[in-house]
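Q: Please take a close look at one part of this model, the sheet. Describe how its strands pair and what packs around them.

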Amino acid sequence: MQLKGAVAIVTGGGTGIGRAVSVRLAQAGARAVYVNYSRSGEDAEATARELIDLGCEGVTHRCDVAVDAECREMVAAATKRFGRLDVLVNNAGTTHHIPHRELESLTDQVWEDIISVNLRGAFHCSRAAGPELKKARGAIINVASIAAWRASGSSIVYGVSKAGLVQLTRNLAIALAPEVRVNSVSPGLVATRWFRQKYGDEAADAQEQFMAQHTPLGEVATPDHVAQAVLGLLGMDLVTGENLIVDGGVHIAYGPAAPQRKVD
Ligand SMILES: NC(=O)c1ccc[n+]([C@@H]2O[C@H](COP(=O)([O-])OP(=O)(O)OC[C@H]3O[C@@H](n4cnc5c(N)ncnc54)[C@H](OP(=O)(O)O)[C@@H]3O)[C@@H](O)[C@H]2O)c1
């Protein structure tokens, strides 16, 4: 698809991976990007300013993707303002960090918190955007996780939500065909605030260094590596219902891999 002149919504677009995707869309010539946030208004404003500097209309929009009515309002606001919608990137995500063995900690509230954003939130936005995306012959990208494919990640519920998101991707690819393509990316560890905010800089640095040593390509993904994959899938006109893992090759090895590369 042609991104020049496109109008996009990126959920969680003000920080981390969402910010990098928004910037790449602007660099590709998008006319406007709706930078969605639920709490991080200042980050969203900063990202919108970056987009404006790139010649793209960066518009911030507060919306909790867990609330269907707010998602519908966001899509309506974007299409009213710009007359079309070409791209939806369902990037907003949340988690609770709970060791896998602590089953009693996986309360109904934990399930609700995670599923309502990571899975139902993506559905809310996709359902609301579907008719406008169809008119524009647009595309959806869902940001899943390696936790969809491996029993790993911040909690069991997080992994289940992302596995659900991959399956939602396939089903929406059928539901919205032939006009709209729907694909997902599954990043491994990405150097963002995600883990750093919870465990601090020292733990995050140690984790990133360890992962880099055990990654065939020798480095941990940056948000921009994930954005490259998102833009790549947006450009593939006959690919739908697919997932692209972005982890430097970690998942292709079976069993505990020996360190691939020494990282200073
Ligand atoms: N970092 C990793 O290692 C990694 C690996 C695999 C997959 N991912 C996925 O990548 C995506 C982005 O994560 P990130 O690493 O870039 O971390 P991040 O910067 O913390 O991004 C999460 C984004 O989701 C938004 N968000 C959370 N709840 C929301 C809600 N209810 N409504 C709207 N927006 C909401 C946040 O905005 P507010 O602060 O405004 O709520 C934030 O912008 C997530 O889906 C995550 O699961 C990350």
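A: The sheet comes first, then its helices, then one residue inside it.

This is a predicted model, in which local features need pLDDT of at least 70 and side-chain atom pairs count only at pLDDT 80 or more, while totals for chains, interfaces and linings use all residues. Residues are numbered from 1 along each chain as its sequence is written.

The sheet is open and has 7 strands, in the order β3-β2-β1-β4-β5-β6-β7. The pairing is parallel. Strands are DSSP runs of E with at least two residues, helices are runs of H or I with at least four, and both are numbered from the N terminus. Two strands pair if DSSP finds at least two bridges between them. At the edges stand β3 (57-62) and β7 (243-246), each paired on one side only. From one strand to the next, the twist averages 15°.

Take the β3 edge. Its partner β2 (residues 32-37) runs parallel to β3, over 6 bridges. Here N36 stands opposite H61 in β3. Helix α2 (residues 41-53) packs on the sheet and touches β2 and β3. Contact means C-beta atoms, placed from the backbone, within 7 Å. The direction of α2 makes about 165° with that of β3. Such angles run from 0 to 180 degrees between N-to-C directions, with axes fitted as lines to C-alpha atoms, for helices over the stretch in contact.

Now the β7 side. Helix α9 (residues 223-234) lies across β4 (87-90), β5 (139-143), β6 (181-187) and β7. It runs at about 160° to β6. Helix α6 (residues 156-175) has buried residues that include Y158, K162, L165 and L172. Among the elements covering them are β5, β6 and β7, along with α4 (108-118) and α5 (120-136). Helix α6 has 20 residues and reaches 28 Å from first C-alpha to last, close to the 28 Å expected at 1.5 Å a residue. The expected span is 1.5 Å times one less than the number of residues.

Within β6 sits N183. N183 counts as buried because 24 other C-beta atoms lie within 10 Å. The cut-off for buried is 20 or more such atoms within 10 Å; exposed is 12 or fewer, partly exposed is in between, and C-beta atoms are placed from the backbone. Leaving out residues up to four places away in sequence, N183 touches I141, T169, L233, V239, T240, E242 and N243. N183 and A173 are 10 residues apart in sequence and 7.4 Å apart in space, C-alpha to C-alpha.

Definitions and conventions
Two residues are in contact if their C-beta atoms, placed from the backbone, lie within 7 Å.
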